[in-house]
Amino acid sequence: METLELLGHPVRLRIVHALRGDRLLTTTQLAALLPDVSKAMVYRHVDLLAEGGVLEVAEERRVRGAVERHYRLRRERAGIDPAEASTFTPDDHRRGFAAAVAALVAEFNAYLDRPKTDPAADPVGYQQHAIWLDEEELHAMIRELRAAIVPRLGNKQTPGRARYLLSPILFPSEFPNEESRPS
């Protein structure tokens, strides 16, 4: 299964998100983190991710006669590298973007459905901003964002840390010198 096909499914993408931070989780634990997804579907998608090399079995043990597997994310397989993305067709990009947005919507709904959710206090943000940048300003902003985000990607789960999803989405909505014309 190609990387886009493997990671281009909202449930599989959510499983990948849940395992980030060097977490070791069983399929039962993953199902608890995805309460809106049936346990059978979680098992199916974990199997596909393991077959595709995105997950690996980190540990196995017998629990009441059954084998319990703890899965680990293989970070080097859990994303689409720029070289591969450069070969995507527009339809490939549409499918990947749709899966990412669907996973984000599902995660946000799961968050809202938890007891004692307080978006104002948590703090939740989903604003969109239209900004005007020349090419130099765009690349400077991307470098600045990476400088802020990349060091935190290696954070491990600890008792004082909550897992957040951060989804920077950037694309040109107009090109330079493009004239706005009324319809």
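Is Arg-75 buried or exposed? Arg-75 counts as exposed, because its relative accessibility is 52% and the bar for that label is over 50%. Keep in mind that what you're looking at is a predicted model. Arg-75 will come back further down, when we get to the charged pairs. For now, let's step back and take in the whole chain.

**The overall picture**

The protein chain is built from 7 helices and 2 strands. Walk along the sequence and you meet them in the order α-α-α-α-β-β-α-α-α. Along its principal axes, the C-alpha trace spans about 70 × 40 × 35 Å.

How many residues does the protein chain have, and what percentage is buried? There are 183 residues, and buried ones make up 22% of them. The accessible surface comes to about 13600 Å², with 54% of that belonging to carbon and sulfur atoms. As for who touches whom, take the contacts with a separation of 6 or more: residues 24 or more positions apart account for 56% of them.

**Helix H2, a mostly covered piece**

A good place to zoom in is helix H2, residues 10–19, which is mostly covered. Of its 10 residues, 8 are buried. Among them are Val-11, Leu-13, Ile-15, Val-16, Ala-18 and Leu-19, and two arginines, Arg-12 and Arg-14, are on the buried list as well.

What do the buried residues of H2 pack against? Their partners are helices H1 (3–7), H3 (27–33), H4 (39–51) and H6, plus strands E1 (55–63) and E2 (66–73). Arg-14 also has a charged side to its story: together with Asp-36 and Glu-107, Arg-14 is linked in a network of salt bridges. After H2 comes Gly-21, with a positive phi near 85°.

**Two residues with an unusual phi**

Most residues other than glycine have a negative phi. Two residues here go the other way. Arg-64 is not a glycine, yet its phi is positive at about 50°. You'll find Arg-64 in the loop between E1 and E2, and it counts as exposed because its relative accessibility is 83%. Lys-116 is the other one, a residue other than glycine with a positive phi near 65°. Lys-116 is found in the loop between H6 and H7, and its relative accessible area of 84% makes it exposed.

**Charged pairs**

The protein chain carries 25 positive and 27 negative charges, and their mean positions are 10 Å apart. Side chains of opposite charge can pair when their charged atoms come close. The count of salt bridges comes to 11. Here are three of them, with the N to O distance and the accessibility of each partner.

| Salt bridge | N to O distance | Relative accessible area, first residue | Relative accessible area, second residue |
|---|---|---|---|
| Arg-75 and Asp-22 | 3.1 Å | Arg-75: 52%, exposed | Asp-22: 35%, partly exposed |
| Arg-74 and Glu-76 | 3.0 Å | Arg-74: 27%, partly exposed | Glu-76: 58%, exposed |
| Arg-95 and Asp-92 | 3.1 Å | Arg-95: 46%, partly exposed | Asp-92: 16%, buried |

Back to Arg-75, then, which forms a salt bridge with Asp-22. This pair links distant parts of the chain, with the two positions 53 residues apart. Arg-75 sits in the loop between E2 and helix H5 (82–85), while Asp-22 is in the loop between H2 and H3. Arg-95 and Asp-92, on the other hand, both lie in helix H6, 3 residues apart, which is about one turn of the helix. Asp-92 is buried because its relative accessible area is 16%, and the cut-off for buried is under 20%.

**Patches on the surface**

Which residues gather in a patch of negative charge on the surface? They are Asp-134, Glu-135, Glu-136 and Glu-137. Glu-135 has its place in helix H7, residues 135–153, and it counts as exposed because its relative accessibility is 59%.

There is a nonpolar patch on the surface too, formed by Phe-97, Val-101, Val-105, Ile-169 and Phe-171. Together these residues have about 460 Å² of accessible area. Val-101 belongs to helix H6, residues 90–113, and is partly exposed, with a relative accessible area of 32%.

Note on methods: Residues are numbered from 1 along each chain as its sequence is written. This is a predicted model: local features need pLDDT of at least 70, side-chain atom pairs count only at pLDDT 80 or more; totals for chains, interfaces and linings use all residues. Side-chain values use heavy atoms; hydrogens and water are left out. Helices (H or I, at least four residues) and strands (E, at least two) are DSSP runs, numbered from the N terminus. Buried means under 20% relative accessible area, exposed over 50%, partly exposed in between (1.4 Å probe, protein chains only). Contact means heavy atoms within 4.5 Å. Accessible areas come from the Shrake-Rupley method with a 1.4 Å probe; for residues, only the protein chains shown count as cover. Lys and Arg count as positive and Asp and Glu as negative; His and the chain ends are not counted. The place of a charge is taken as NZ of Lys, CZ of Arg, CG of Asp or CD of Glu. Patches are made of residues with over 30% relative accessible area and no salt bridge: like charges are joined within 9 Å, nonpolar side chains (Val, Leu, Ile, Met, Phe, Trp, Tyr) within 5 Å. A salt bridge is a side-chain nitrogen of Lys or Arg within 4 Å of a carboxyl oxygen of Asp or Glu.
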